[in-house]
Structures are given as structure tokens and as C-alpha cells.
Amino acid sequence: MSGDAGGSPEPAPASRRNAGAPARRDRGGRLWGLLAAPGALWLVLLFAVPFYAIAAVAFGYTDPVFNAPVPEWDPRYWDVTAFTEILTRSVTGDLRPVFLRTLLYVALALGLCVAIGYPVAYYVARHAGRRRALLLGLILAPWWVNYLTRMLAWLNLLQDDGYVNDLLLFTRIVDEPVRWLSGNPVTVVLALVYGYIPFFIVPLFSTLDRIDPLLLEAARDLGCSGRGAFWHVTLPLSRPGLLTASAITALPMFGDYYTNTLVSGSPTTTMIANQIEFYLLGGTRKELGASLVLLLSALLMVLMVYYLISSRRAEEGVT
Amino acid sequence: MRRRPWVLASVTWAYVVWSLVPILVAIQFSFNDGRSRSTWQGFSLQWYFGSSGSVADDPSLRLALVNSLTVAGLTTLIATPLGVATALGLARWRGRTGRVVGGLTLLPLATPEIVMGSALYLVFTNLYLFVPLGQPAQILGHVTFSVSYVVVIVRSRLASIGTDYEEAARDLGCGRLTAVRLILLPLLTPAVFAGAMIVFASSMDDFVISAFLSPDASSVTVPIKLYSAVRNAPTPALNALATLLVLASLLALLLGWLVQRRTTLFIMKK
């Protein structure tokens, strides 16, 4: 993602011919700063400060009179009791299975995204021929349908007497209706795949599409089989796209609680974001919710750094 | 000639069917002549209008639709100019501060919605107490996550335009702002429209941030309504609401495409 905008080249100096007129250049510099100032101020006040508010609540104290949590804005007086509690529960206590389950579900869903998404993106980029425009349109279509609408669609189909069970019973694959919607982990993983795979396929497609077909021809001229050309040329060249697509899909999956609530709603499939929602919107112990958000952010930060390092390495490998 | 990759082709078409058929079935059931969302009972428009539970006659469904459109409209009106100004400034603003601000505009894109939703919820309930939860907070939140889209799109367009036209205008005696107004803004129109459309669509689509910032039934948007109604006694009216949403996105897509085509033709003619 960062590659898109980070790639904008530095513009040439606005007026080389006026190098002797620094006054004019300075005023220009201030103009550009002024243009960007409202946006910068907006993001500081409504993105950076709110982020700090999570820490202030997580490290706040409990008012002894009202027994209510109070945020602490001064880092010198931060109280780590709530955060330590969350940390202990995540490492050894009741939140440990929740974290492990989240990692497992996201890993499985991401694996399925690769298994389904790579062939699809590859086919559309390379072999679709004159159906290419049609297929691209069909693959982009889910982007324009509301996420919850798409989940709702599956809720219709997965009812005990819905079309999916009708089909499975009719083809004799199962003998009695499958209970899809009450705490079935298979449904949760498949719903995550269904929800996020469009965001996986499109960036991967654009990387595969940019691979020069001449390179493949060269590989085949040099004696590669079709399969060899794929393993030695296409796959390594598509690694940056594969990494970006994985990051774009995995990040929101980690923060997803609504898919899980809709298709399961059972405590046996609870993910970390469900716990965050529970503590922040449901209960009175908001400092625990805020601590969980911090912990999740730290985990995602580690993954992001890993992504940045490996995607840089992948790009170096390409060039 | 290589042999046709029929395995890849069947995977692709199977994927397309899998990704789109459920939506078509959901649309089909919005026309169901009965309360079931899994058994077809004949065609009817009763869930759109005419019966007490239909979209047109259920005040809570109507309110959700109006709320969604209001929030998305106002978000687009604020985020688009804000994003365009920021992109213009950042594209020409060199030095460390400019780079820091540039990085700041990318961060919301890499922040999961639940993190941003919790952050905004906690800041509005603990620090910015003068902003009431509900529509005002929702609009501020939506602008925050969507302004980055405009910045990214406009900046990449600016990079491809380059500085030549602007310099030419300056050499012909234009002031800096006049050059921006007369040269850059017209060239940027397609990118600005694309950005505005994405802002509108993502605001309509957003569930997490709207839900975290919605304290009661008065600020319920369509996604919140879909989410909460699924869990208690859903009727095909829900499918009808979802169908209207799909229709709205199709219209927006068509409108955007028409505007884009007209402005590109206009620039080319000039």
C-alpha cells in the first residue's frame, strides 16, 4: 500500500530560472505548507490524539469514590495494573485460547485466500483472452456491494433449511442438515475468506499483470518448461504483490468481530476483536478493552514491520 | 499453441459463481411473497412498499437509509477538499515536516477499523466531550479514515502530471495560486471525482466506526441496521434494504463513469 504514494517522485525545483529570487521561493514553500496544514491538523487531532487516548485509558486509574475508570493523560502517573492483567491473561489465562484461535483462523483464511485467489488472479492476468474485461468486472463487483450485505446473503443460504443444505441433502453428501450458523468454526473461516478475498485478488492481479510476457518467452527459449517458467519467473516476480495482498487482507481480518458475531455468535469461536468490543462497548471495564487494543496493535505492528522488511527484500530480489 | 488451462479457468469461474450467486439469491429473496428468507413463496414487492414492515413504511429502516446518506454526503463534502489540499501541499512541500505529514496520511490505511473505532470512541467520550456521540462524531470519524484515499489518489495523479504545465503558466505570468486554480485543478478533476466516489462508497460501507460512535437508535446507519436486525427476527425487508444499497452503488458507479468520461473528453478537446 505504501508503495503507491511513496513512489511519487520529487518534483523538479519549481522555478530554476528564479534561483536568484529566494523571497518568491520562500513564499511558495509557505503556500504548500499552508495547503497541507488543515489535513495535517485534522489527522493529529483525530488520529494521533485518539490513539494516545487508548493509552491514557489503558493506563488510567480507578476512581475510588465512584469506582469508575479515569483516563490518565500524564505518562508519569501511568498505572499498568489493567495492562498487566490483560497481558497475564493473554499469556497464561483465559485470553490465551482467544489469541491462538484468532491467529489460527486468520492463518487458515489467508491460506485459503492464496489457494483460491492466486489461480484466479493468474488466470485473469494471463489466460483470460477476450473474456478478460468481463472477468475483471465480475471480480471487482463485490467491492461495490456492502460487506454486511454479502454476509447477509450467506446467512440466507446457510439457514438450516437454506439452499446450501438443500443441495448437500439432495446430492446425498450429508444425511441431515448441517448446523452452519451456531458456533461452527468452518463457517467463520469461510466467511472471513468470502469477506476479504476480493481485496486479496485485485492487488495480486495488478502485480501479475505487470510481469512482462517477454520474460516468460525468454525463459521458455532458454529451455524452461511451462511449469518451470512459472516457478522460476512468475512466482518470484509476483512475491511483492502476494505480500501486499496478504497484508491488505490479514490486517482487517485481525480486527474483525462482526463476521464472527453474524455467522456464529458463540463463545467457542470468539476472536480477539470480539473481546475488545465486549469490554469497550459492553462492560464497565473500558481500561481492559483499551489494553487489549494496545496489545493487538503491538502484535499487528510486529507483523507490519515483518511485511515491510520482507517486501523490501522481495523487491530487491526482483530488481 | 499451448493447451487451454482448463483447470485455472474452472477455478476462476467457480470463484466468480461463489462470490456473486449468494448476492443474487439475497436480491431474489427481497421479492419474496412471504416472511421466509430461505424458502421461495412467489414474487411480490411487499418488502419494498405497501406493507407495514416494508422499507418505505418502516420508520427505522427509512431513518437508517437517511442517516447513511447524510453521513456519507457530508463526509464526502469535507474529506474531498481537505484531501485535495493536503495532496497539493504534500506533493510540493519538501523537508522533514512534509515527509512526516506524508507518513501520517498513510497510517490510517494500515490501521484496522477496530483500533481506529476504539480510539475515536475513547477520545470522544473522554477528551473531546464537546463532540456528542452520534452523527457529528460519526462524520468526524469517517472523514478521518477516508481523507487518506483522496490524498493517495490525488498525489499519484499529481506525480504523473509533473510540473511542466504549471511552470509554463508561471513563466507566462501566473501567480502560484492562479496556476494551481487554472492549470492543476482542471487536470486533477478525474482524480478528485474518483477520490470523492471512493470516500462516499467507503462511508456508506463502514460499519465498525459508525457502530462504535453510535450511542442510540437515532444515529443508526444501514450497515448497523443490517447487523442488529440479523440477530433479532429478520424479514425480507432487510434484503430489500440491502438491494437498495447495491442499486445505489451501481448508480454511483455509473455516475462516476459518466463524469470521468465527460471530463476526460473535455480536457482532450481543449
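**Exercise 1. Which residues touch the most other members of the largest nonpolar core, and which helix of chain A gives the most to this core?**

Step 1. A nonpolar core is a set of buried Ala, Val, Leu, Ile, Met, Phe, Trp, Tyr and Cys residues joined through C-beta atoms within 7 Å. A residue is buried if 20 or more other C-beta atoms lie within 10 Å of its own, with C-beta atoms placed from the backbone.

Step 2. The largest such core has 161 residues, and A:I54, A:A121, A:L152, B:V150, B:V154 and B:L241 touch the most other members.

Step 3. Helix α2(A) contributes the most, with 15 residues. Domain 1 (20–79) and domain 2 (93–318) of chain A both give residues to this core, so the core lies between them. These bounds come from an automatic or database domain assignment.

Step 4. Leaving out residues up to four places away in sequence, B:L241 touches B:V55, B:L61, B:V222, B:K225 and B:L226. Contact requires C-beta atoms, placed from the backbone, to lie within 7 Å.

The model is predicted: local features need pLDDT of at least 70 and side-chain atom pairs count only at pLDDT 80 or more, while totals for chains, interfaces and linings use all residues. Residues are numbered from 1 along each chain as its sequence is written, and chains are lettered from A and ligands numbered from 1 in the order in which they are written.

**Exercise 2. Describe the side of chain A that touches chain B.**

Step 1. In chain A, 79 residues are in contact with 73 residues of chain B.

Step 2. Helix α2 (residues 22–58) of chain A supplies the largest share of that side, 19 residues. Helices are DSSP runs (H or I, at least four residues), numbered from the N terminus.

Step 3. By class, the side of chain A holds 59 nonpolar, 16 polar and 4 charged residues. Here Ala, Val, Leu, Ile, Met, Phe, Trp, Tyr, Cys and Pro count as nonpolar, Asp, Glu, Lys and Arg as charged, and the others, Gly among them, as polar.

**Exercise 3. At what angle do helix α6 of chain A and helix α1 of chain B pack?**

Step 1. Helix α6 (residues 147–157) of chain A and helix α1 (residues 6–29) of chain B pack at about 75°, their axes 8 Å apart. Axes are lines fitted to C-alpha atoms over the stretch in contact, and angles run from 0 to 180 degrees between N-to-C directions.

Step 2. α6(A) is therefore roughly perpendicular to α1(B), a term that covers 65 to 115 degrees.

Step 3. Among the residues that meet are A:L152 and A:W154 in α6(A), and B:I23 and B:F29 in α1(B). The contact divides into 9 nonpolar, 2 polar and 1 charged.

Conventions:
Two residues are in contact if their C-beta atoms, placed from the backbone, lie within 7 Å. Helices (H or I, at least four residues) and strands (E, at least two) are DSSP runs, numbered from the N terminus. Angles under 35 degrees count as roughly parallel, over 145 as roughly antiparallel, 65 to 115 as roughly perpendicular and the rest as oblique. A residue is buried if 20 or more other C-beta atoms lie within 10 Å of its own, exposed if 12 or fewer, and partly exposed in between; C-beta atoms are placed from the backbone.
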